[in-house]
Amino acid sequence: MQADQDAFGRGIYDYLRYARGDEIVERDDGFVVPSGGPKCYFAEYRDWPTQDKQAMRYVRGRVLDVGSGAGRCCLYLQRKGHDVLGLDSSPLASKVCRLRGVKKVKVASITQFNAPPGTFDTVLLMGGGVGLLGNPGRARWLLRRFHKMTSANARIVAQGIDPYKTDIPEHLACHRLNRKHGRMAGQVRIRVRYANYATPWFDWLLLSKDEMKQILAPTGWAIHTYIDPDDALYIAVIEKAAP
């Protein structure tokens, strides 16, 4: 990643230094919206949404935090005695993690990272991290990779967004356009902007719970339970399926 492409990390780094950093998410159909970050990336546990707090109860053992951002989950789980590796493609976000006290951080994209079999007991995909799976084909490929690098009783704790729980005309139009081109309704292409920085365009995947089950089916994983299953923003607790 070039320095002028690290919009996500620059916003986080500026928030750490100056308590400012207004992040914008742009969709390739022209829709633009402010994100919830970077302030929420620095939130202390006491200020987390109830859903996020409940998700931490399902974390076990050695943890891979994918898209670790400013390290809020890493820091909380470290304090709880977990061995945690924060993974982020943003060099500046990873620097912020280290400055804040995260012990283990690696700069790499989700597709580049690999680890020996059985390395992790929990894979975290928080902050809407299901989106990082990108598209159905890549999602299944990544889930199989997670299956290999995790222990026999491993879990994935993942926050997803149901694209169908909306009445916003711009989102509904995006669904129609996606279907027209043979994509899933919630399969979008976005980039993050901050000041004069902009990330490259990347795929982001919004899944209903039924769609998530379909994607999981051939990967060796299965839904264990949901947190807030009736909300647009939900957390799936996923475990290895029985052979």
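Select phenylalanine 113 first: with a relative accessible area of 6% it is buried, a word used here for under 20% relative accessible area, with exposed meaning over 50% and partly exposed what falls in between, for a 1.4 Å probe and protein chains only. This is a predicted model, in which local features need pLDDT of at least 70 and side-chain atom pairs count only at pLDDT 80 or more, while totals for chains, interfaces and linings use all residues. Residues are numbered from 1 along each chain as its sequence is written, and side-chain values use heavy atoms, with hydrogens and water left out.

Phenylalanine 113 lies in the loop between S5 and S6, where helices (H or I, at least four residues) and strands (E, at least two) are DSSP runs numbered from the N terminus. Now show the residues that phenylalanine 113 touches, leaving out those up to four places away in sequence: Leu64, Leu85, Leu87, Lys106, Phe120, Arg145 and Met149, contact being heavy atoms within 4.5 Å. One of these partners, arginine 145, is 32 residues away along the chain, and its C-alpha atom is separated from that of phenylalanine 113 by 9.4 Å.

**The second largest cavity**

Keep phenylalanine 113 selected and add Leu64, Val66, Leu87, Ile110, Leu142, Arg145, Phe146 and Met149, which together with Phe113 line the second largest cavity. A cavity is a set of points, on a 1 Å grid over the protein atoms alone, where a 1.4 Å probe fits but cannot get out, and lining residues have an atom within 4 Å of a point. The space in this cavity is about 40 Å³, a volume being the space filled by probe spheres set on the points, which are joined across faces, edges and corners. Its lining divides into eight nonpolar residues, no polar ones and one charged, where Ala, Val, Leu, Ile, Met, Phe, Trp, Tyr, Cys and Pro count as nonpolar, Asp, Glu, Lys and Arg as charged, and the others, Gly among them, as polar. S3 and H5 each supply at least two residues of this lining, and H5 gives the most, with three.

**Strands S3 and S4**

Next select strand S4 (residues 84–88), which runs parallel to strand S3 (residues 63–66) and is joined to it by four bridges; two strands pair if DSSP finds at least two bridges between them. Along this pairing, valine 63 has valine 84 as its bridge partner, and leucine 64 has leucine 85. Which way do the side chains of S4 point? Val84, Gly86 and Asp88 point one way, Leu85 and Leu87 the other, and all are buried. Because five of the five residues of S4 are buried, the strand is largely enclosed by the rest of the structure.

**The whole sheet and its helices**

Widen the selection to the open sheet of seven strands, whose order is S5-S4-S3-S6-S7-S12-S11, with mixed pairing. Its edge strands are S5 (105–107) and S11, each of which pairs on one side only. Neighbouring strands of this sheet are turned by 20° against each other on average, direction ignored.

Then show helix H3 (residues 72–79), which lies across S3, S4 and strand S6 (120–125) and runs at about 175° to S4; axes are lines fitted to C-alpha atoms, for helices over the stretch in contact, and angles run from 0 to 180 degrees between N-to-C directions. Helix H5 (residues 136–148) also packs on the sheet, touching S3, S6, S7, S11 and S12, and its direction makes about 145° with that of S7.

**Strand S12 and its neighbours**

Move on to strand S12 (residues 233–240), in which six of the eight residues are buried. Strand S7 (residues 150–161) runs antiparallel to S12, with seven bridges, and glycine 160 stands opposite tyrosine 234 in S12. Strand S11 (residues 221–227) is also antiparallel to S12, joined by six bridges, with alanine 236 in S12 as the bridge partner of tyrosine 226. In the hairpin of S11 and S12, which has five residues between the strands, look for aspartate 228, which takes a positive phi near 55°.

**The largest cavity**

Finally, select Leu125, Val130, Leu133, Leu143, Ile156, Ala158, Leu207, Met212, Ile215, Leu216 and Ile238, which line the largest cavity. About 70 Å³ of space lies there, and the lining has 11 nonpolar, no polar and no charged residues. Helix H7 gives the most to this lining, with three residues.

Note on methods. 1 Å grid on protein atoms, 1.4 Å probe; cavity = no way out; pocket = protein on both sides within 12 Å on 5 of 7 lines; lining within 4 Å.
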